[in-house]
Amino acid sequence: MSEGRVRVPAGPPLDDLDAIERLDPHAAREVLRRFPDQCREGLGLHPSPPVRLALPRLVVVAGMGGSAASGDLLATCLADRLSVPVLTHRGYGLPALVGPGALVIAASYSGETVEAVSAFEAAVKAGAATAAVTRGGRLAALAARHGAPVVTLPPGLMPRMALGSLFFPLLGILESAGLPTVPEAEVAEALETVAALADELAPARPVEQNEAKRLALAVGDRVPVVYGGELTGSVAYRWKTDVEENAKRFAVAGALPEMNHNEIEAWRAPEADRLQAIFLRDRGEHPDVARRFAVVRALVEPVAGGLAEVWSRGEGRLARLLSLIYLGQWTSYYLALLRGVDPWAVPLLEEVKRRLRP
Ligand code: F6R
């Protein structure tokens, strides 16, 4: 990682394990630390009844927030293998292209998210094949009523910290539907990669050996502006939402090359001094994208408050994507601690849901 000008803000020292325990009363750190196990357990979760399906012409993962993130990861990690589109649908109902021959997987950790329930209902109405990935709730009941395959998730997680549980069963569902999936060796490599990172990024690792802590300190009180490339653009979005939900702070996400055609103009002094650019780099990125990162860096670095580059780990797409997502989770966790907020609780998000409850 290259950190640019590092400005260490006042706040709890990230190596003080007692302070971390106090600031993280729900032990989100333990959930993050267990992420590799959660992925392994996710691989062992299968739908009941099993998926029996002719090859779909389209796959839609319908959900919101942390649950929808599983659809983004699926679409991105299989984009070089799949001959049918995989879309993530965030919202009520479904687009008109969903009909017979489509497979709609409603993903909602809680099973109570109205948009996911509405998408499931729309899929049934449109004559699409359906499945659900959920801990229970209204979605599980609805799916059971329609005899749809349901993957039942383990309890006790926050949706955004349940990506391993939400994502890995999707691979099995696609496989049962006759679609190509991530080869076993690549899955194993991804699990090894995140297992190594779990040790490197956890609170017990001091700042000088911990990339996530250093990155959080580099961001300090600036707004993180996270850019990915073609593969990692959706990961940048995931970083943004993790910073917002865990650290309760604004973050911006974008991707190259698209930001070269619009957002680059916003990098101006003196405002940019309040921003911390974070580039999500990937060994598999297109050489032209690598050149673009170099050009953007040269233009942004002189005006930005700071600029950091982080690199994906591993060989396969899944390892590379998961390693960057996991680094973002830990970085946003440490940003929460620096701000003195509980990384687990999302009171405003819950308040919106409460006010909209029928
Ligand atoms: C909270 C979180 C949210 C939820 C979203 C949808 O941790 O990540 O983004 O994922 O509000 O709720 P679920 O996932 O239960 O359908």
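Student: Which residues that surround the ligand are the closest?

Tutor: The closest are Ser67, Ser108, Ser110, Thr113 and Arg160, from 14 residues that surround the ligand; a residue counts as near if one of its heavy atoms lies within 4 Å. This is a predicted model, in which local features need pLDDT of at least 70, side-chain atom pairs count only at pLDDT 80 or more, and totals for chains, interfaces and linings use all residues. Residues are numbered from 1 along each chain as its sequence is written, and side-chain values use heavy atoms, with hydrogens and water left out.

Student: What makes the pair of Ser108 and the ligand a polar contact?

Tutor: A polar contact is a pair of N or O atoms within 3.5 Å. A polar side-chain atom of Ser108 lies 2.6 Å from a ligand oxygen, so the pair meets that limit. For a side-chain N or O atom of Ser110 the distance to a ligand oxygen is 2.7 Å, and for one of Lys353 it is 2.8 Å. The protein buries 94% of the 400 Å² that the ligand exposes when taken alone (Shrake-Rupley method, 1.4 Å probe).

Student: Why is the pair of Phe35 and Tyr326 called tilted?

Tutor: Rings of Phe, Tyr and Trp (its six-membered ring) pair if their centres lie within 6.5 Å; planes under 30 degrees apart count as stacked, over 60 as edge-to-face and the rest as tilted. The ring centres of Phe35 and Tyr326 are 4.9 Å apart and the planes stand at 35°, so the pair is tilted.

Student: How many aromatic pairs are found in the whole structure?

Tutor: The search finds 9.

Key. A polar contact is a pair of N or O atoms within 3.5 Å; within protein, one must be able to donate a hydrogen and the other to accept it, and residues adjacent in sequence count only if both atoms are side-chain atoms.
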